[in-house]
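Thank you for coming, everyone. Today I would like to walk slowly through one structure, and I suggest that you keep the view open and find each residue as I name it.

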Amino acid sequence: APFVKRGLTHAYGTLGFDLQQTNVVPPDPTLAVGPFQVLHVVNSLIKIIPLTASGNIETAPRPGASRTIPLPDFFSLVASPCDGGYIYPHAAYDKEIGRFLLTCICGGDSNQVLLAVSTTSSALGFWILYSFPGQVTNGLRMQCPYPVSLYSKVGYNRDGVFLSWVQNCPDNQQDATGAIIAALPKWAVYKGATFFYAPVWTAYDILDGINDDSDQFYAGAFLQAQPVLPQRAEDVQYDVTYFVMDVRREACG
């Protein structure tokens with residue numbers, strides 16, 4: 001399907017992936033735009049599309065400027081194989097530092113949350129790859145023996161990179177299914193550090209933060225925390241980031 005970049009007075013685009021290429025339904029498309037390329041990602045493929053100096057999509061790119069990469073190949077150094085597929089991709093571009101961010105779930109028994117960070121503002125350069133366990137709630141109130149990770153998202157502020165996903169607990173939908181947020185230190189992630197501490201919050205922490213004594217909400221109602229991405233470099237803040245919360249409808253009364 002085509003995707004379109006919209007301006008104040010114009011719109012232009014190019015063809016993205018079609019079903020014959022992806023062979024995955026739904027494709028879960030995501031898009032991030034940097035100064036030199038557009039990063040277009042679906043459940044099985046990455047497409048890097050070059051931009052002109054004026055920010056238009058390059059209609060006749062030079063050899064090597066446009067590239068299509070299977071997600072299994074892209075993440076092969078940190079997650080191989082993923083018997084449940086490379087699913088729920090989400091891409092962003094750090095407008096302040098100039099880095100592409102890409103996350104997805106390594107599904108099946110692996111149950112990993114994958115993260116890639118470009119080392120420059122170009123998507124064609126080197127990338128730093130991470131693999132984090134999807135099961136992070138052992139010992140917490142949202143503990144689940146066999147969780148399934150879903151719907152990964154990535155966001156950022158000036159000092160952090162934020163991964164969020166949904167822990168689905170088939171054995172306990174009411175008390176052990178819900179949103180998870182992990183806050184990674186930006187300086188460590190962008191340097192390729194291999195050891196750092198990262199706080200994790202669950203749907204129970206979100207419920208505690210609401211400070212509502214009524215029975216209107218419960219932890220399992222908070223399904224996903226979607227990061228709100230800064231629109232401009234000057235919007236990137238220290239110590240503050242924002243999420244839009246998906247809430248189960250029956251929890252809203």
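Let us begin with Gln167, which, leaving aside residues up to four places away in sequence, touches Thr137, Met142, Cys144, Pro147, Val148, Ala176, Thr177, Gly178 and Ile180. Please bear in mind throughout that this is a predicted model. Gln167 belongs to strand β12, which covers residues 160-168. Is Gln167 buried or exposed? Its relative accessible area is 1%, and because anything under 20% counts as buried, Gln167 is buried.

What, then, does the side chain of Gln167 reach? One partner is the backbone oxygen of Met142, at 2.8 Å, and another is the backbone oxygen of Ala176, which lies 2.8 Å from a polar atom of that side chain. Met142 and Ala176 were both among the residues I listed as touching Gln167.

Now to the nonpolar cores. As background, nonpolar side chains in soluble globular proteins tend to be buried together. Here, the largest nonpolar core has 34 residues, and the members that touch the most other members are Leu115, Leu163, Leu184, Val189 and Phe196. If we take Leu163 and again set aside residues up to four places away in sequence, its contacts include Val113, Leu115, Phe132, Ile180 and Leu184. There is also a second, separate core, made up of 23 residues, and among them are Leu39, Ile48, Leu71 and Trp127.

Trp127 brings us to the aromatic rings, where the count comes to nine aromatic pairs. In one of these, Phe74 and Trp127 meet edge-to-face, with 5.2 Å from centre to centre and 80° between the planes. This pair joins distant parts of the chain, since Phe74 sits in helix α2 (residues 71-74) and Trp127 in strand β10 (residues 127-133), 53 residues apart. Phe74 and Trp127 are both buried.

Why is the pair of Tyr130 and Phe196 called edge-to-face? The ring centres are 6.0 Å apart and the planes stand at 75°, and planes over 60 degrees apart count as edge-to-face, so the pair falls in that class. Here too distant parts of the chain are linked, with Tyr130 in strand β10 and Phe196 in the loop between α4 and β14, 66 residues apart. Tyr130 and Phe196 are likewise buried.

Finally, ring pairs join Phe74, Phe75, Tyr93, Phe100 and Trp127 into a cluster, and, in a contact of another kind, Arg158 lies over the face of Tyr238, at 5.1 Å from the ring centre.

Notes: Residues numbered from 1 in each chain as written. Predicted model: local features only at pLDDT ≥ 70, side-chain atom pairs only at ≥ 80, totals over all residues. Heavy atoms only, no water. Phe/Tyr/Trp six-rings, centres within 6.5 Å; stacked < 30°, edge-to-face > 60°. Helix = DSSP H or I, 4+ residues; strand = E, 2+ residues; numbered from the N terminus. Buried < 20%, exposed > 50% of the residue type's maximum accessible area, 1.4 Å probe, protein only. Lys NZ or Arg CZ within 6 Å of the ring centre and 35° of its normal. Polar contact = N/O pair within 3.5 Å; in protein donor to acceptor, adjacent residues only side chain to side chain. Contact = heavy atoms within 4.5 Å. Core = buried A, V, L, I, M, F, W, Y, C linked by side-chain atoms within 4.5 Å.
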